[in-house]
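User: I'm new to reading protein models and I'd like a close look at one part of this one. Could you walk me through it slowly?

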Amino acid sequence: MLEIGGVSKVFHDRRKGRGVIALRDIHLSVARNEFLVIIGPSGCGKSTLINMIAGFDRPTRGRILHEGEVVTGPSPRRAVVFQDHSLFPWMSVMENIEFGLVSNGISPSVRRKTALHYLELVGLSDFKDARPCELSGGMMQKVAVARTLALEPDLLLMDEPFGSLDEETRRRMDRELLSIWKKEKKTVIFITHNLEEAVLLADRIVLMSTRPGEVEAEWIVRRERPRDPMSPCMCELKREISARLTGVYHPENGEQNHGQIPVEIETECSSLRDKLAEHSIEKLKMRR
């Protein structure tokens with residue numbers, strides 16, 4: 001479904017003459033209908049990876065394949081739900097959900113039918129004429145999810161979508177998201193900092209290292225849903241992930257210059273790739 005092959009991302013500052021390796025040599029496969037959760041320290045490149053999968057940005061090295069095609073730009077087949085719902089305040093709930101469909105040239109009758117379907121799916125049929133200011137935070141995120149699903153994407157990318165909600169609302173949204181996922185049979189890549197959320201939602205959990213972000217570890221969660229976060233197996237999984245995460249935050253050898261590399265102000269992408277390769281080799285030598 002999705003193949004991430006040797007993807008690295010370097011951001012360079014021509015003014016300062018330095019580059020920052022955000023991601024390094026990411027290899028990851030995502031199966032159709034899989035619910036993949038990515039966790040890791042702040043600044044490890046999780047959102048950068050989501051942006052490249054969505055097509056908002058391009059890798060410095062490597063490539064991303066979606067259904068066998070190289071991702072070169074945004075597509076309605078890959079839709080994103082961000083932490084900020086980004087609803088248009090002057091539009092009704094219905095109009096917000098229909099907005100993307102208008103942009104895609106969908107007829108008014110089909111737009112309305114589609115919007116009503118997803119409003120019912122997220123439990124907001126009675127609020128179709130309300131403005132965002134009349135909704136709670138959780139309800140606004142439901143509208144954002146419905147608006148994204150209305151595009152009928154193959155791949156749903158969720159960048160800490162419930163991170164700004166209170167704990168009880170977040171748990172309720174997690175349950176409702178799982179219900180939607182089972183009904184719609186979407187492939188989901190979900191970013192979170194919350195371990196309980198990760199173990200309750202995921203088919204598979206991927207832990208990323210501190211910058212430069214690399215795949216540090218993976219766990220396959222085989223327990224049936226719904227899951228009890230206080231069950232012995234879930235508690236043990238959280239302890240295992242937490243211990244590994246602590247190791248990521250405090251590596252034995254210390255983080256080497258936080259992924260920064262010197263670059264010439266006029267450096268082009270090809271030179272950046274050479275610098276990235278040299279830096280990776282040096283770090284491997286140090287580990288040995």
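In which loop does Pro212 lie? Please start there, then show me other spots like that and how the helices and rings are arranged.

Analyst: Sure! Keep in mind that this is a predicted model. Pro212 lies in the loop between strand 9 (204–208) and strand 10 (215–220). What makes the spot worth a look is the link to the residue before: a cis peptide bond joins Arg211 and Pro212, with omega at about 0 degrees. Most peptide bonds are trans. Follow the chain on and you meet another one, since the bond from Arg225 to Pro226 is cis too, with omega near 0 degrees. Pro226 is in the loop between strand 10 and helix 7 (232–249).

While we're on backbone oddities, let's turn to phi. Most residues other than glycine have a negative phi. Glu67 has a positive one, near 55 degrees, and you'll find Glu67 in the loop between strand 4 (61–66) and strand 5 (69–70). With 29% relative accessibility, Glu67 counts as partly exposed. Glu152 also has a positive phi, near 55 degrees, and its place is the loop between helix 4 and strand 7 (155–159). Glu152 has 51% relative accessibility, so it counts as exposed. A glycine joins in as well: Gly105, just after helix 2, has a positive phi of about 75 degrees.

That brings us to helix 2 itself, residues 93–103. Its buried residues are Val93, Met94, Asn96, Ile97, Glu98, Gly100 and Leu101. They pack against helix 3 (108–121) and helix 4 (137–149).

Helix 3 has another partner, helix 5 (residues 167–184): their axes come within 11 Å and cross at roughly 135 degrees. The two helices are therefore oblique to each other. On the helix 3 side, the contact is made by His117, Tyr118 and Leu121, and on the helix 5 side by Ile180, Lys183 and Glu184. Sorted by class, that contact has 3 nonpolar, 1 polar and 2 charged residues.

Stay on helix 5 for a moment and find Arg172, which lies in it. Arg172 is partly exposed, with a relative accessible area of 33%. Its C-alpha atom is 8.9 Å from that of Gly138, though the two residues are 34 apart along the chain.

Now for the rings. The count comes to 5 aromatic pairs. One of them is Phe35 with Phe190, a tilted pair at 6.0 Å centre to centre and 45 degrees between the planes. Phe35 sits in strand 3 (residues 35–39) and Phe190 in strand 8 (residues 187–191), so this pair ties together parts that are 155 residues apart in sequence. Both Phe35 and Phe190 are buried. Ring pairs link Phe35, Phe162, Trp181 and Phe190 into a cluster.

Two of those names come back around Glu197, which is found in helix 6 (residues 195–201). Apart from neighbours within four places in sequence, Glu197 is in contact with Phe162, Arg170, Asp174, Phe190 and Thr192. Glu197 has 3% relative accessibility, so it counts as buried.

Last stop, the cysteines. A search of the whole structure turns up 0 disulfides. Take Cys233: the closest cysteine sulfur, in Cys235, is 8.3 Å from its own, which is too far for a bond. Cys233 is partly exposed, with a relative accessible area of 29%, whereas Cys44 counts as buried at 0% relative accessibility.

Methods
Residues are numbered from 1 along each chain as its sequence is written. This is a predicted model: local features need pLDDT of at least 70, side-chain atom pairs count only at pLDDT 80 or more; totals for chains, interfaces and linings use all residues. Side-chain values use heavy atoms; hydrogens and water are left out. Buried means under 20% relative accessible area, exposed over 50%, partly exposed in between (1.4 Å probe, protein chains only). Helices (H or I, at least four residues) and strands (E, at least two) are DSSP runs, numbered from the N terminus. Contact means heavy atoms within 4.5 Å. Rings of Phe, Tyr and Trp (its six-membered ring) pair if their centres lie within 6.5 Å; planes under 30 degrees apart count as stacked, over 60 as edge-to-face and the rest as tilted. Axes are lines fitted to C-alpha atoms, for helices over the stretch in contact, and angles run from 0 to 180 degrees between N-to-C directions. Angles under 35 degrees count as roughly parallel, over 145 as roughly antiparallel, 65 to 115 as roughly perpendicular and the rest as oblique. Ala, Val, Leu, Ile, Met, Phe, Trp, Tyr, Cys and Pro count as nonpolar, Asp, Glu, Lys and Arg as charged, and the others, Gly among them, as polar. A disulfide is a pair of cysteine sulfur atoms within 2.5 Å.
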